[in-house]
Amino acid sequence: MRDFEPDDESIISQDYEPLDSPKDFDPGVPNQLLDYVLRTTSEIIDTDLFAVMAKRRSTRKFSDKPVETTKIDKIIAAADTAPTAGNYQGFEIFYVRNLEKKKLLVEACNKQPYVNAPVVLIFCKNPSRVKFNFPDYVLKKFAIQDATLAAGYSQLAAQALGLSSIWIGMFDEQKVMDIIETDLVPSSVLCIGYPEQTKFPKPRRNLKDLVHVTW
Ligand SMILES: Cc1cc2nc3c(=O)[nH]c(=O)nc-3n(C[C@H](O)[C@H](O)[C@H](O)COP(=O)(O)O)c2cc1C
């Protein structure tokens, strides 16, 4: 049971304005901006979800081609469509635009140079948004799942838009938090851009080794 309703806050925070907004945008109407950003279809490359999944491959070499703002808006909006525990949306996104901070993030992410990417999104856990009356460890578990799913949605959206990405899980949490000036613990750093070259997806184990049927 929920104790109270979550804050009526959009993922599009006060500091973030999508490039395109409806003229009659009313911040009081839930999902209005989200739906608008998701519906602008001009730059979508691939609308077949399974084709997007089948083609996705991590990229560690990005071209210098800048990523269009409308694509970034859509990637962020995609994160906002992910399910979250109790719909409390126990995560936040930090969109790192400062070039110096991106360089510092390379160091904070185990010196992985590709972290200095055209687009850098940091998905942080925010268990304080998860208002279930459950033990702290459950709220933290929900927040990490919320943040992870949201980043996964963004990763697929990036692929659908003709971009590629690399998920960074190897980082010094405190260093990242200091750079982006937050008390929230990061869950993943998602680096996005146009790939220097398109590569085939990596192999996976056989499905029959993956799935354990339990009767
Ligand atoms: C939880 C997690 C942590 C990861 N951390 C890193 C990382 O720190 N650095 C990196 O280069 N790739 C990282 N990756 C990307 C994986 O190496 C990559 O997804 C994997 O090799 C499969 O390749 P694919 O994404 O092309 O299918 C991470 C992926 C996940 C899901």
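K111 is exposed in this predicted model, with 9 other C-beta atoms within 10 Å. This residue belongs to the loop that connects helix 4 and strand 2. Its phi lies near 60°, a positive value in a residue other than glycine. A second residue that is not a glycine, Q89, also has a positive phi, of about 55°. Q89 sits in the loop between helix 3 (69–79) and strand 1. Is Q89 buried or exposed? With 24 other C-beta atoms within 10 Å, Q89 is buried, since the threshold for burial is 20 or more.

The loop that holds Q89 leads to strand 1. Five of the six residues of strand 1 are buried, and the strand is thus described as mostly covered. Strand 1 and strand 2 run antiparallel and are joined by six bridges. Within this pairing, Y95 stands opposite L121 of strand 2.

Attention now turns to the interior. The largest nonpolar core comprises 49 residues, and those with the most contacts inside it are L105, V120, I122, F123, V189 and C191. Helix 5, which spans residues 136–160, gives the most to this core, with nine residues. In soluble globular proteins, nonpolar side chains tend to be buried together. V120 offers a view of the local packing: once its neighbours within four places in sequence are left aside, this residue is in contact with V96, K102, L105, V115, V189 and C191.

Helix 6 (residues 173–180) has two contrasting sides. Which of its residues are buried? They are V176, I179 and I180. Because these residues cover an arc of only 85° around the axis, they lie on the same side of helix 6. On the other side of the helix, Q174 and D178 are exposed. The cover over the buried residues of helix 6 includes strand 1 (91–96), helix 4 (99–108), strand 2 (119–125) and strand 4 (186–193). E181 follows helix 6 and has a positive phi, near 55°.

The last site to consider is that of the ligand. Which residues surround the ligand? The shell consists of R57, S58, R60, Q112, I166, W167, I168, G169, M170, P201 and K202. Classified by type, this shell holds five nonpolar, three polar and three charged residues.

Definitions and conventions
Residues are numbered from 1 along each chain as its sequence is written. This is a predicted model: local features need pLDDT of at least 70, side-chain atom pairs count only at pLDDT 80 or more; totals for chains, interfaces and linings use all residues. A residue is buried if 20 or more other C-beta atoms lie within 10 Å of its own, exposed if 12 or fewer, and partly exposed in between; C-beta atoms are placed from the backbone. Helices (H or I, at least four residues) and strands (E, at least two) are DSSP runs, numbered from the N terminus. The arc is that of the directions from the helix axis to the C-beta atoms. Two residues are in contact if their C-beta atoms, placed from the backbone, lie within 7 Å. A nonpolar core is a set of buried Ala, Val, Leu, Ile, Met, Phe, Trp, Tyr and Cys residues joined through C-beta atoms within 7 Å. A residue is near a molecule or strand if its C-beta atom, placed from the backbone, lies within 6 Å of it. Ala, Val, Leu, Ile, Met, Phe, Trp, Tyr, Cys and Pro count as nonpolar, Asp, Glu, Lys and Arg as charged, and the others, Gly among them, as polar. Two strands pair if DSSP finds at least two bridges between them.
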